Amino acid sequence: MSDAVDSVQALLDVLDLKDAGARTTEDIFTGTSQPMPTGRVYGGQVLSQSVVAAARTLPSDRMIHSMHGYFLRPGDVEDGITFSVDRIHDGRSFSTRRTQAYQAGVPIFSMIASFQDEDPGVDHQEPMPDVPDPDDLADPALGPEAQHPMTRRLFNARPVDLRHVPSSIYFEVTGDPAPRQAVWMRARRRLPDDRLLHRAALGYLSDLTIQEPILRAHGIPWSYPGLRVASLDHAMWWHRDARVDDWLLYVQESPSALGGRGLATGRIYTREGVLAASVAQEIMVRIPQD
């Protein structure tokens, strides 16, 4: 079995939360983490797990449509994660849930999410921009970006295939600095036919590369000496269903950065141009001034 297949199975495993069987005023679930080169829990992982935990307390036809979360502390991939779900509200069409993820007795991520039954209504969307096709773009896992040991480990551990437009910023930012980019992304192999799984996995993907328009605007690659980046919060709105094992286009831009914080927004489209989701994230970014 290849590393790519192993990494996809690892994603499916971490999204398969266990019901702890404990009941206080909240529902309790437990989960594990994917191995990461840094030893820290990937934020998109704990976000997607929190989505699954909240959804476990609802009928399967009441689907998540929005979440707002804060990354509170770095997680340790060696430790298990406990998820507590507070059933805040259940209405005729909408439900609200709060999920907190804990390690060592303290929260590492806190989320409020809203779920809705299928309802008819007005329908419009921002059109997808015209960008090169993913099949015409180089795979960074096969190029010079993968020659560094840390980057190679990251590519092997990641269950997602990425193609940057105009190019990746792992080691350099080519062209004129600009606060925008696009990234094609998909899971490395087919996933089960499960709407919740694909929405949770889209949450997982949404935390990948969203920080990069901020760095690209200032010509700063990920390899910049002393660079420190951490996600502070994350908001996501699921508009329409999409399969994460098909190519998705993540269009990203940064409207502002100031005071050690940068804001990035994104829109996720299917290859056919259907707007599947919108994303916003603020990050801490620290760059040595010397």
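S114 is in contact with M63, I64, H65, S66, F94 and S95, leaving aside its neighbours within four places in sequence. This is a predicted model, and in it S114 sits in strand β6, which runs over residues 106-116. One of those neighbours deserves a second look: the side chains of S114 and H65 are joined by a polar contact of 2.7 Å. With a relative accessible area of 13%, S114 falls under the 20% cut-off and is therefore buried.

Below are some other places to visit as you turn the model around.

**The second largest pocket**

- The second largest pocket holds about 550 Å³ of space.
- Its lining is made up of 20 residues, and Q116, E118, D119, W238 and H239 are the ones that lie nearest the centre of the pocket.
- Sorted by class, the lining of this pocket has eight charged, six polar and six nonpolar residues.
- Two elements, β3 (63-71) and α4 (195-206), each give the lining at least two residues.
- Which element supplies the largest share of the lining? That is β3, with three residues.

**Helix α4**

- Helix α4 has 12 residues, and its first and last C-alpha atoms are 16 Å apart, close to the 16 Å expected at 1.5 Å a residue.
- Most of α4 is covered, with 10 of its 12 residues buried.
- The buried residues of α4 include L197, H198, R199, Y204 and S206.
- At the start of α4, a side-chain oxygen of D194 comes to within 3.0 Å of the backbone nitrogen of L196.
- Beyond α4, in the loop that leads to α5 (212-217), you will find T209.
- Phi of T209 is near 70 degrees, a positive value in a residue other than glycine.
- T209 is buried, because its relative accessible area of 7% is under 20%.

**Helix α2 and the loop before it**

- The 13 residues of helix α2 (residues 43-55) should span 18 Å at 1.5 Å a residue, and the end C-alpha atoms are 19 Å apart, so the two values agree.
- Is α2 enclosed or open to the outside? Since 13 of its 13 residues are buried, α2 is largely enclosed by the rest of the structure.
- S33 belongs to the loop between β2 (27-31) and α2.
- The side chain of S33 makes a polar contact of 3.0 Å with the side chain of Q45.
- Apart from neighbours within four places in sequence, S33 is in contact with V14, V41, Q45, V77, D79 and I81.
- S33 has a relative accessible area of 14% and is buried.

**Two residues of strand β11**

- Strand β11 (residues 261-270) contains T270, and G262 is found in β11 as well.
- G262 counts as buried, at 0% relative accessibility.
- Not counting residues up to four places away in sequence, G262 touches I214, S256, A257, Q281, E282, I283 and V285.
- G262 and S231 are 31 residues apart along the chain, and their C-alpha atoms are separated by 9.7 Å.
- T270 counts as buried too, at 9% relative accessibility.
- Residues touched by T270 are M128, A242, W247 and L248, with those up to four places away in sequence not counted.
- From T270 to Y42 is 228 residues in sequence and 24 Å in space, C-alpha to C-alpha.

**Backbone details in two loops**

- The peptide bond from V165 to P166 is cis, with omega near 10 degrees.
- P166 is found in the loop between β7 (160-165) and β8 (180-187).
- A104 lies in the loop between β5 (94-103) and β6.
- Phi of A104 is near 55 degrees, which is positive in a residue other than glycine.
- Is A104 buried or exposed? A104 is exposed, because its relative accessible area of 81% is over the 50% cut-off.

Technical notes
Residues numbered from 1 in each chain as written. Predicted model: local features only at pLDDT ≥ 70, side-chain atom pairs only at ≥ 80, totals over all residues. Heavy atoms only, no water. 1 Å grid on protein atoms, 1.4 Å probe; cavity = no way out; pocket = protein on both sides within 12 Å on 5 of 7 lines; lining within 4 Å. Points joined across faces, edges and corners; volume = space filled by probe spheres on them. Helix = DSSP H or I, 4+ residues; strand = E, 2+ residues; numbered from the N terminus. Nonpolar A, V, L, I, M, F, W, Y, C, P; charged D, E, K, R; others polar. Expected span 1.5 Å × (residues − 1). Buried < 20%, exposed > 50% of the residue type's maximum accessible area, 1.4 Å probe, protein only. Contact = heavy atoms within 4.5 Å. Polar contact = N/O pair within 3.5 Å; in protein donor to acceptor, adjacent residues only side chain to side chain.
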